[in-house]
Amino acid sequence: MKHFTLLALAIVAMAACNRPPKPYREAMEMIGSGKYEYGIEMLKRVTIEDKSWLDSAALRKNDAFEQLVGVGDWERTLILVDRESDDKAFKREMKRIVIDYAKQQIANGQIDSLMRVLPANEKEMIACFDSTVVQKIADMIAAKVFLGTWSTDKRSIKGCEIYFERDGDIYLGKSNKSISGWTKDKTIYKISTYKGNLVWKCQPRIFSYNYYYDKSSEYFGSKGTVRLFSADSMLIDYVSINSPLTTFARMVEMPDSLKAGK
């Protein structure tokens with residue numbers, strides 16, 4: 001009987017040693033009920049005295065943040081990132097999780113949702129992380145959306161089509177057929193630097209004609225932009241101001257909301 005009692009006490013002692021500390025247990029309850037921020041705060045109370053649980057607490061913090069990102073409440077998410085900005089290791093993990101979330105959204109066919117999130121939260125993301133997070137998400141969107149063939153409803157070039165090819169960090173928009181002065185496979189647009197708010201720098205090929213010298217020429221302008229409205233809708237816009245060069249702007253897949261002003 002004495003040996004049984006000692007064995008039972010030993011088992012109880014071992015169970016007590018393996019039992020998570022109180023802050024850890026409370027954190028799991030909070031995370032389970034969707035109170036991710038409070039759960040993360042409680043996990044920070046797991047100290048060196050509970051060193052066998054420190055690694056697990058760090059992993060649970062990452063899990064809690066990942067779940068919060070998945071909820072899609074970016075105000076809560078970015079407030080938490082700002083609050084935890086002094087924890088450099090955790091901040092690196094939060095940055096990775098946000099980028100992974102963007103990748104998953106694209107893989108799951110939710111790119112339009114991601115394209116609403118990015119411009120709505122760009123300033124806060126840059127303030128909480130840095131510009132690389134926004135740039136990486138924008139690069140992923142560009143790689144998914146630009147490639148492929150686009151058509152236009154613009155009257156002066158109606159029937160023209162462009163397709164994009166990637167050349168390093170630049171997307172080349174090439175004519176899909178010879179029509180309206182465009183030559184098949186000729187580069188018409190060069191899309192490069194991300195400017196924010198789903199807008200990229202766009203260098204359009206400008207076709208000009210000098211009536212005085214009866215001479216035509218072509219060159220790439222430097223003041224154009226391309227704005228993405230969705231995965232299926234974008235606006236390419238620019239103006240040539242070098243008189244007597246022709247002034248025009250090109251619209252590709254114009255959204256219905258803008259057609260009234262065409």
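Nine residues line the largest cavity of this predicted model: Trp74, Val98, Tyr101, Ala102, Leu114, Val117, Leu118, Met125 and Ile137. Two elements each give two or more residues to that lining, α6 (88-107) and α7 (111-128). The largest share comes from α7, with four residues. By class, the lining holds nine nonpolar residues, no polar ones and no charged ones. The space inside is about 30 Å³. One cavity of 30 Å³ or more is counted.

**Aromatic pairs**

Across the whole structure, a search finds eight aromatic pairs. One of them joins Phe146 and Trp200. Their ring centres lie 5.2 Å apart and their planes meet at 75°, so this pair is edge-to-face; the class calls for planes over 60 degrees apart.

Where do Phe146 and Trp200 lie? Phe146 is in the loop between α8 (131-145) and β1 (148-151), while Trp200 belongs to strand β5 (residues 199-210). The pair therefore ties together parts that are 54 residues apart in sequence.

Are Phe146 and Trp200 buried or exposed? Phe146 has a relative accessible area of 0% and is buried. Trp200, at 2% relative accessibility, also counts as buried. The cut-off for that label is under 20%.

Trp182 and Tyr189 make another pair. Here the ring centres are 6.3 Å apart and the planes stand at 85°, so the pair is edge-to-face. Both residues, Trp182 and Tyr189, are buried.

Phe146 and Trp200 also belong to a wider group. Together with Phe164, Tyr171 and Tyr194, they form one aromatic cluster.

**Charges over rings**

Two lysines place their charged ends over phenylalanine rings. The table gives each one with its ring and the distance to the ring centre.

| Charged residue | Ring | Distance to ring centre |
|---|---|---|
| Lys61 | Phe90 | 4.6 Å |
| Lys190 | Phe220 | 4.2 Å |

Phe90, the ring under Lys61, is a residue of the 88-107 stretch that forms α6. Helix α6 is also one of the elements giving two or more residues to the cavity lining.

**In brief**

The cavity lining is made of nine nonpolar residues, and α7 supplies four of the residues there. Phe146 and Trp200 pair edge-to-face and sit in one aromatic cluster with Phe164, Tyr171 and Tyr194. Lys61 lies over Phe90, and Lys190 over Phe220.

How values were computed:
Residues numbered from 1 in each chain as written. Predicted model: local features only at pLDDT ≥ 70, side-chain atom pairs only at ≥ 80, totals over all residues. Heavy atoms only, no water. 1 Å grid on protein atoms, 1.4 Å probe; cavity = no way out; pocket = protein on both sides within 12 Å on 5 of 7 lines; lining within 4 Å. Points joined across faces, edges and corners; volume = space filled by probe spheres on them. Nonpolar A, V, L, I, M, F, W, Y, C, P; charged D, E, K, R; others polar. Phe/Tyr/Trp six-rings, centres within 6.5 Å; stacked < 30°, edge-to-face > 60°. Buried < 20%, exposed > 50% of the residue type's maximum accessible area, 1.4 Å probe, protein only. Lys NZ or Arg CZ within 6 Å of the ring centre and 35° of its normal.
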